[in-house]
Amino acid sequence: NLYLHYFVDLVNLKPFESRNDTLSLLILYQLILSSDLNAFKYVSFFELLYKNYDDFQMELSKASANWNEGYSQTNEFIKYSVLDWFTSDNLSYKETLSKGYFVSANQIGALLVFLLPMVFYYTIKENRWYLYLVLLAQIISMVLVGTRVANYGWILVSMAMILIYIVVRFMNKVKLPIKSLIYISIILIIGVVLYIHSPSHNRVFASEYEGMYNEELSEIDGTEFIKIEDFKEILQDEGKMLKYLGTTSDNLETDVKKKYIYETYRYHNITKKYILEIYPYTDDVDFWIAIFEEPMSVKGDNRGRQFAIIKRIKENNENQVLDTLLGMGATPLNSRGYMIENDLISHYYNLGVIGIILFVAPFIFAILYALYKNMKNLLNIINIEFAVYVLAIFMAFFIGFFAGHVIDEYIISIYLGVVSGLVINFYRKEPML
């Protein structure tokens, strides 16, 4: 995608005084030639472009739609509406969902999850029909975003809010209006029905090609593929290792493993960049052999693989105690492509235990301070508004533990700060100005 974004920028910036479009195409052609693409037969780039030039111009126009706002869209565009969820089968989730003007779908999904408890609370408190429409619109929006953060988030928040009101019902002797119960029930039913029919509910995380069984993939390109189970048998016999390697070696087992990794990595659903650049197989053959032994769904998971690589690096470091306390630093890890898309886990490896404590402490302090101020009444009465604020803070960190682009994003951090301030101020005798 980097090359495509670069090309879209060239077309729109127009850095050349004349023939900008032609020169941009030549540059794109050179980028394609220099990229890591497997070519099985000669294909003329410009002949292919000429035959499909109208389609090419249409896609370029789409990619430039939001270019002035700083967004060049080179991924699939939204082709299907919510109505198509009920009339069509096997829709691609990428063509039916949208993250809007946000860097990450998790970012907008996490923001909606964070705000949902408060929308729930004020909707029920005010008990106005148009506020229930706002609540319904937010839940529908979360289903449309389509990420696990958004979908699981609204379900978990809804369950938590129901639990809060049940506890309040018995402790505070407060009854909910029948109208509120009816409206909330209808909204949740609509949300569940939409989610069941949404493409994200039936989303397959590995593509058909990535999920192919090893023998089928080897049959496509005509190579002889040795399964990892058979390869481990080879490692038990020196004669078989010599036959497989084809030559003698002072480090026979290591060289045999290196050859096997390089020849079969793509059959194990691993890209070349991982074994050559991010974590070179020549530096740690045992690690990659262990990865190859995992099920296809595990070793093909980029997030899980990134986590395994960083965990391995930490295990091999000499200063493991300092790495645990202070972290290994974000810059040296990110510069090599070591990124974990789980915010809190990423902070643990980047900042260490001390960094995590400093990061989380202000928000924990806000909750503990408010609980201390309300300790006398806490066992007798629960304030729903306070519980909602605490739930919102908890959900932000809960999501940040399982997903990325959440609490690291400024938009989430700003709201976290505001709600934490509301929590601190909640039980003060004199309101803060």
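1. In this predicted model, L133 has its place in helix 7. Its relative accessibility is 48%, and because partly exposed covers the range between 20% and 50%, L133 counts as partly exposed.

2. L133 is also one of the residues of a nonpolar patch on the surface, which joins W129, Y130, L133, I178, L181, I182, Y183, I186 and I190 and has about 880 Å² of accessible area together. Two or more residues of the nonpolar patch are given by helix 7 (129-145) and by helix 9 (178-197), and helix 9 provides the largest share, with 6 residues.

3. As for the protein chain as a whole, it holds 23 helices and 0 strands, and 39% of its 433 residues are buried. Its accessible surface comes to about 26200 Å², with 59% of that belonging to carbon and sulfur atoms. Of the contacts between residues at least 6 apart in sequence, 66% join residues at least 24 apart.

4. Turning to the interior, the largest nonpolar core has 62 residues, and F120, M161 and L416 are those with the most contacts inside it. At least two residues of this core are supplied by each of several helices, including helix 7 and helix 9, and also helix 6 (105-126), helix 8 (148-171) and helix 23 (410-426). The largest share of this core, 13 residues, comes from helix 6.

5. Neighbours within four places in sequence left aside, F120 is in contact with L135, V157, S158, M161, I184 and L188. A second core, separate from the one described above, has 34 residues, among them L235, L245, I270 and Y281.

Technical notes: Residues numbered from 1 in each chain as written. Predicted model: local features only at pLDDT ≥ 70, side-chain atom pairs only at ≥ 80, totals over all residues. Heavy atoms only, no water. Patch = residues over 30% accessible without salt bridge, like charges linked within 9 Å, V, L, I, M, F, W, Y side chains within 5 Å. Areas by Shrake-Rupley, 256 points an atom, 1.4 Å probe, with all protein chains shown as cover. Salt bridge = Lys/Arg side-chain N within 4 Å of Asp/Glu carboxyl O. Helix = DSSP H or I, 4+ residues; strand = E, 2+ residues; numbered from the N terminus. Buried < 20%, exposed > 50% of the residue type's maximum accessible area, 1.4 Å probe, protein only. Contact = heavy atoms within 4.5 Å. Core = buried A, V, L, I, M, F, W, Y, C linked by side-chain atoms within 4.5 Å.
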